[in-house]
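Trainee: I am new to this structure and would love a close look at one part of it. Could you walk me through it slowly?

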Amino acid sequence: MDIADLQPVDAAVVPRFAGIASFMRLPVVASAAGLDVALYGLPWDGGTTNRAGARHGPREIRNLSSLMRSGHHVTGLEPFSVVKAADVGDVSVNPIDLLDSLKRIEAGVAEIVAAGAIPLGAGGDHLCTLPVLRAVAKHRPVGLIHFDAHSDTNDTYFGDNPYTHGTPFRRAIEEGLLDPHRFVQIGIRGSIYDRDEHAWAKDQGVRIVYMEEFVERGPIAVIEEAKTIVGDGPTYVTFDVDSLDPSMAPGTGTPEIGGITTREAQLMLRRLESVDIVGADVVEVAPPFDVQGMTALVGATMMFELLCVIAARREKLGRR
């Protein structure tokens, strides 16, 4: 498939409110074969413990992503001219069976990986990232840059249930999918269940940057440290919109006040072009709690920022 066939719909020809909604108005294709980056949806929130609704995230993110244009205003990069990207649809899910959904998500992302494309997903709750990592890190553990208000390294909920959106990264470390010494969490804050809630993660070697430290040091210093932590190895980037202050991203299931600003988040993502990103996602956009599409627009914009740094690295390495 030629890159010329994978360009977004031109808003000067077809207005943004018209046509079929796809991620960034890209073509919708049946598979990731021939693509460099496959944008896909994770319409599932079966791991949510409080306010559900993130299953509707991919559809609204597609809608608001019509506002993304072809070039990045800071770098001047035109990602769609550098990488072959398209919308490959949503992975299969089962809204009434959690374990089956985990298997379906893993299988769907495994097809993208097998095709040689980098998966760039829109969730969905954060438990979705666990089966994605099972596909992306099947043959070796990866590093992780994790933007979130919550560590998501708890053990079990409601008795002995090991699978909720508060447990995915504990399971991922236990399964050998993540190298905990190449794992950094940014923006952690809010009330906790007990004072030792994060002890397990710290004992594994996870670097937790609490919001108070983030404010003191600033976004550039924090993201530069994160880049040092993950180093040159394969790295996954996961962006939970509740890492942001809810004044800027109200449409999420577990909001925490005192968060990162959208501008700070963009600044950090833009400095990741040196990182070997093998997959990424934006999760926990819950449209039922959104205000005039604010959070869906955040999700679409962060996906665009991630696409741009992936494309910038490819361009720098001279490969397409």
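In which sense do strand β1 and β2 pair, and over how many bridges?

Mentor: Happy to help, and please keep in mind that this is a predicted model. Strand β1, residues 37–42, pairs with β2 in the parallel sense, and the pairing runs over four bridges. To find a spot on it, look for G41, which stands opposite D90 in β2.

Now follow the chain between the two strands. Helix α1, residues 57–64, joins β1 and β2 in a β-α-β unit, and this unit is right-handed. Strand β2 itself covers residues 85–90; five of its six residues are buried, so the strand is largely enclosed by the rest of the structure.

Next, step back to see where this pair belongs. Eight strands form an open sheet with parallel pairing, and their order is β2-β1-β3-β8-β7-β4-β5-β6. The edge strands are β2 and β6 (207–210), each of which pairs on one side only. On average, neighbouring strands of this sheet are turned by 15° against each other, with direction ignored. As a general point, strands of a sheet pair through backbone hydrogen bonds, either parallel or antiparallel.

It is worth visiting the other edge too. There β6 pairs with strand β5, residues 178–188, in the parallel sense over four bridges. One place to look is I186, whose bridge partner in β6 is V209.

Coming back to β2, you will also meet a helix. Helix α9 lies across β1, β2, β3 (118–123), β7 (235–240) and β8 (277–283), and it runs at about 170° to β8. This helix spans residues 294–317, and its 24 residues reach 35 Å from the first C-alpha to the last, close to the 34 Å expected at 1.5 Å a residue. Of those 24 residues, 18 are buried, so α9, like β2, is largely enclosed by the rest of the structure. Just after α9 comes G318, which takes a positive phi of about 75°.

Finally, a word on cysteines. C308 has 4% relative accessibility and therefore counts as buried. C128 is also buried, because its relative accessibility is 0%. In general terms, a disulfide is a covalent bond between the sulfur atoms of two cysteines. A search of the whole structure finds zero disulfides.

Key:
Residues are numbered from 1 along each chain as its sequence is written. This is a predicted model: local features need pLDDT of at least 70, side-chain atom pairs count only at pLDDT 80 or more; totals for chains, interfaces and linings use all residues. Side-chain values use heavy atoms; hydrogens and water are left out. A disulfide is a pair of cysteine sulfur atoms within 2.5 Å. Buried means under 20% relative accessible area, exposed over 50%, partly exposed in between (1.4 Å probe, protein chains only). The expected span of a helix is 1.5 Å times one less than its number of residues. Two strands pair if DSSP finds at least two bridges between them. A crossover is right-handed if, with the strands pointing away from the viewer, the path from the first strand over the helix to the second runs clockwise. Axes are lines fitted to C-alpha atoms, for helices over the stretch in contact, and angles run from 0 to 180 degrees between N-to-C directions. Contact means heavy atoms within 4.5 Å.
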